[in-house]
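Subject: Handover of a structure and notes on its features

Dear colleague,

Please find below the structure that I am handing over to you. My notes on what was found in it come after the display.

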Amino acid sequence: MILRAYDPERDREATRRIWREVGWIEKEREEGMSRYVEAARALVGEIDGEAECLVCTAPGDIRFLTEDLPLSAVTGVTTSRIARKQGLAGRLLAQALALDAAEGALVAALGMFEQGYYNHLGFGTLGYEHMMGFDPAHLNVQTNHRVPKRLAEKDFEVMHAARLARRRGHGSVNLYASVYTQFEMHETDDQFGAGYFNESGRLTHALWVRPKDVENGPYTVEWIVFNTRAEFLELMSLLKSWGDQVHLVKIPEPAGVQLQDLIRLPVKQSRVTRLGKFATGCAASAYFQMRMLDLPGCLAKTRLNGPSIRFNLRLSDPIERFLESGSSWPGVGGDYIVTLGPESRAQPGTDGSLPYLAATVNAFTRMWLGARPASGLATTDEITGPHELLDQLDRVLCLPPPVPDWEF
């Protein structure tokens, strides 16, 4: 087995075959797949002269409260049918993360296919993403919307710019290259968009929609971008206008918004429709995972309210066993003196006067982002420490739920 950088001329057909074998791409959309791969840092695992595993990461950022931290977004981990259970994917992903960390990425993120596998590489699960389904005719919004502009795949650059400039919350993610927006817009022929431009010609707020049945739905809003309350309500009014024909819209709940507040008789509608094609209600699923790549770098960007707390941290990192000998990045395991507060930091070493916390990078990342409190993680994940310290951590890391707001 050979681990190496992706070579477009040598590996293009083999990596397309991998994606066909895992069901990620149809033959007619392979050109878009190649643009997607070639915009990334792409590594392949080679067996008998042929690429049989492909890992892609892309640069972006993640917002921690008001700070933007450099991000390594894992945009693809795929292994062919003949190369499963050979350790290729884990070794390749570890190598890609090591390269990204050496270039300054502080955090890595991915969408998991199942909980457990990426835990072995130090990733911890974020909170639940909410997908709200409702009959748009039951939206309780009084705003009158204007006639929007149609948006299609050819508008991917302006749509991507609008996504980057959208209102963002804690934990939100941006991917920098516009090819990622283009690829999502290219996935099916029936997808469409609608949005509004300002006087200077900039797209300010918009929807991108994937219908399952064009006539009556369900329609799934793949993403919604806006910056102000008025823009959000105008988009909700636009959705409401489709309610005479479309019976169900599904939409990811934006950070800080409870969509049920805008729906008439949500509980009754859920009961009435629950066994049908157009079942309404809220579905919750946790499928994003993240991990720190640089503990001191992350904490240098962490500014919290309230008094500071200090403690010793013994951090373990399971990725170490996947890294190649002589890797430019050794993982983040080790002993640290940690300060959390208005000015946070992590310094190598220990201080015998301070309490001790032991954690995996998986669990510590979840706690740091506010996905779950320290006391809860001490029950279900790998964090241990004195009750008094866990209670202090619960108070100082009382954060909004992290919502990535970008599928990848």
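The notes below go from the whole chain to single residues.

Please bear in mind that this is a predicted model.

Overall architecture

The protein chain contains eleven helices and 20 strands. Its C-alpha atoms occupy a box of roughly 65 × 55 × 45 Å along the principal axes. The radius of gyration is 23 Å, which agrees with the value near 22 Å that a compact globule of 408 residues would have. Of the 408 residues, 52% are buried. If one takes the contacts between residues at least 6 apart in sequence, 72% of them join residues at least 24 apart.

The accessible surface of the protein chain is about 18,500 Å², and carbon and sulfur atoms account for 49% of that area. As for charge, there are 44 positive and 52 negative side chains. The centres of these two sets lie 4 Å apart.

Helix α2 and its cover

Helix α2 spans residues 30–38, and its buried residues are Glu30, Gly32, Met33, Ser34, Tyr36 and Val37. The elements that cover these buried residues include two helices, α1 (8–21) and α5. The cover also includes the strands β2 (41–47), β3 (50–64) and β4 (67–79).

Strand β2 also holds Leu43. Leu43 has a relative accessibility of 4%, so this residue counts as buried. With neighbours within four places in sequence left aside, the contacts of Leu43 are Arg4, Ala5, Tyr6, Cys53, Leu54, Val55, Leu92, Gln95, Ala96 and Leu99. For one of these, Ala96, the separation from Leu43 is 53 residues in sequence and 7.1 Å in space, C-alpha to C-alpha.

Gln191 and its polar contacts

Gln191 sits in the loop that connects α5 (179–185) with β10 (192–197). Is Gln191 buried or exposed? Its relative accessibility is 9%, and therefore Gln191 is counted as buried. The side chain of Gln191 has a polar atom 3.2 Å from the backbone oxygen of Glu184. In addition, the side chains of Gln191 and Trp208 are joined by a polar contact of 3.3 Å. Both Glu184 and Trp208 appear among the residues that Gln191 touches, once residues up to four places away in sequence are excluded. The others in that list are Met185, His186, Val209, Arg210, Pro211 and Glu222.

Backbone features

Three places in the backbone deserve a separate entry.

- The peptide bond from Gly217 to Pro218 is cis, with omega near 5°. Pro218 belongs to the loop between β11 (203–211) and β12 (219–225).
- Leu65, although not a glycine, has a positive phi of about 55°. Leu65 lies in the loop between β3 and β4. With a relative accessible area of 28%, Leu65 is partly exposed.
- Lys85 is likewise a residue other than glycine with a positive phi, here near 60°. Lys85 is located in the loop between β4 and α3 (88–102). At 85% relative accessibility, Lys85 counts as exposed.

Two further buried sites

Thr280 is placed in the loop between α7 (266–273) and β14 (281–285). Thr280 counts as buried, because its relative accessibility is 14% and the limit for a buried residue is under 20%. Which residues is Thr280 in contact with, leaving aside its neighbours within four places in sequence? They are Gly133, Phe134, Asp135, Leu248, Gln269, Ser270 and Thr273.

Phe288 is part of strand β15, which runs over residues 288–292. Phe288 has 2% relative accessibility and so counts as buried. Apart from neighbours within four places in sequence, Phe288 is in contact with Leu110, Gly111, Gly124, Thr125, Leu126 and Glu129, and also with Pro404, Trp406, Glu407 and Phe408. From Phe288 to Phe364, the separation is 76 residues in sequence and 16 Å in space, C-alpha to C-alpha.

With kind regards

Notes
Residues numbered from 1 in each chain as written. Predicted model: local features only at pLDDT ≥ 70, side-chain atom pairs only at ≥ 80, totals over all residues. Heavy atoms only, no water. Helix = DSSP H or I, 4+ residues; strand = E, 2+ residues; numbered from the N terminus. Buried < 20%, exposed > 50% of the residue type's maximum accessible area, 1.4 Å probe, protein only. Polar contact = N/O pair within 3.5 Å; in protein donor to acceptor, adjacent residues only side chain to side chain. Contact = heavy atoms within 4.5 Å. Rg over C-alpha atoms; globule rule 2.2 N^0.38 Å. Areas by Shrake-Rupley, 256 points an atom, 1.4 Å probe, with all protein chains shown as cover. Lys, Arg positive; Asp, Glu negative; His and termini not counted. Charge placed at Lys NZ, Arg CZ, Asp CG, Glu CD.
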